[in-house]
Amino acid sequence: IIQHLSWAWIFWINVPVGIASAALFFVFLREDVEHKRRSVDAAGAVLFALAVASFMLLLTEGGSGRLLVPALSLAVCAVCAVLFVRQERRAADPMIAFALWSRRVMATTNGASLFSGAAMIGVTTFLPMYVQVEMGRSPLVAGFMLTAMVLGWPIAATWSARNFHRFGLRRVLIAGAALIALGGVPFVLLSPTMSPYVAGFGSLVMGFGMGFFNTAAIIIVQDSVDWQERGAATSSFVFARNLGSTLGAAALGGLLNWRLTSGGSGSLQDIQRALAGGSSATLAASKHALGQGLYLTFWGVLVVAVATLVLALWVPHVELRPRGEQPG
């Protein structure tokens, strides 16, 4: 699609798929739950959005060499974070329930989820760039390297769901986190002359790890709380993973920009312009600089993948309950 149509179609694909998914939920999903009226923590949502946006700007501009924007971003982030904490402590239905997040099982599982999200977005964002620019492969080949992750994820998720009672939730969670960390190793071993299948193998292993980890993690957070808290617990897990993806993209992108500017190659935008229309000498230098920067981001991916494993090891044991049973 990218080679023969345009990038835009990649995003338009989501529209019919999303409509079909919503229709299937509407037709087939049936739940017998008690409906209660809840207040919306609009102030908390606004403050949180401002804090995260300014923090992302701080991460992105921190390595640019400019001081004004990072300093202002840090100030806005700090002020909004303090106001957000105050708002959440007094809100009737807070956006983030600190009492829920203070539990060890929630804090460690969601923390590991945050780092796993950062690792995943690092691979999906920067691996295609490396395969195309540094290895000289087509967008189709770069896409296949990521397809390996998409292939491994559902296979592992299906297998783990069928074997939780045999191995236990925590063991499956740790096995998944270990595979995520192991999958990050091939990326730091990449070189321009190496086969792209090495990158595909890393993606496949990481995909298996994501399938094991995410399936076990979401059941752990659900089975560790009462039925009335399951919605908040589940959303906290998804929220942590998405937040990790957001911050991971900004942090790893900032790391790439820092490596480029510190090496005297300019920003990523400068490199892209050079690749688009520079001389042969400039093109070679730009490709080398970008390759060095991407190599550093792969080390960043490996670090956050290992952090996922470390936090997963701290997750306490949670019994898998029979369906419908409430915790005592």
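Let's start with the cysteines: the sulfur of Cys77 sits 7.5 Å from the closest cysteine sulfur, the one in Cys80, which is too far for a bond. Please keep in mind that this is a predicted model. Seen from the other side, Cys80 has Cys77 as its closest cysteine partner, again with 7.5 Å between the sulfurs and too far for a bond. A disulfide here would need the two sulfur atoms within 2.5 Å. So how many disulfides does the structure hold? The count is 0.

Are these two cysteines buried or exposed? Cys77 is buried, at a relative accessible area of 14%. Cys80 is buried as well, with a value of 8%.

Now, what do they sit against? Both Cys77 and Cys80 belong to the part of H4 that meets H3. Helix H3 covers residues 42-61 and helix H4 covers residues 68-90. Their axes come within 8 Å and cross at roughly 155°. Angles over 145 degrees count as roughly antiparallel, so that is how H3 and H4 run relative to each other. The crossing is left-handed.

Have a look at who takes part in this contact. From H3 the residues include Leu47, Phe48, Leu50, Phe55, Leu57 and Leu58, along with Ala43, Gly44 and Glu61. On the H4 side you'll find, among them, Val69, Pro70, Leu74, Val76, Leu83 and Phe84, as well as Gln87 and Glu88. What does the mix look like by residue type? The contact residues divide into 17 nonpolar, 4 polar and 2 charged.

To come back to where we began, Cys77 and Cys80 are part of the contact between H3 and H4, and the structure holds 0 disulfides. Thanks, everyone!

Definitions and conventions. Residues numbered from 1 in each chain as written. Predicted model: local features only at pLDDT ≥ 70, side-chain atom pairs only at ≥ 80, totals over all residues. Heavy atoms only, no water. Axes fitted to C-alpha atoms, helices over the stretch in contact; angles between N-to-C directions. Helix = DSSP H or I, 4+ residues; strand = E, 2+ residues; numbered from the N terminus. Parallel < 35°, antiparallel > 145°, perpendicular 65-115°, else oblique. Left-handed = near helix turned anticlockwise from the far one by under 90°. Contact = heavy atoms within 4.5 Å. Nonpolar A, V, L, I, M, F, W, Y, C, P; charged D, E, K, R; others polar. Buried < 20%, exposed > 50% of the residue type's maximum accessible area, 1.4 Å probe, protein only.
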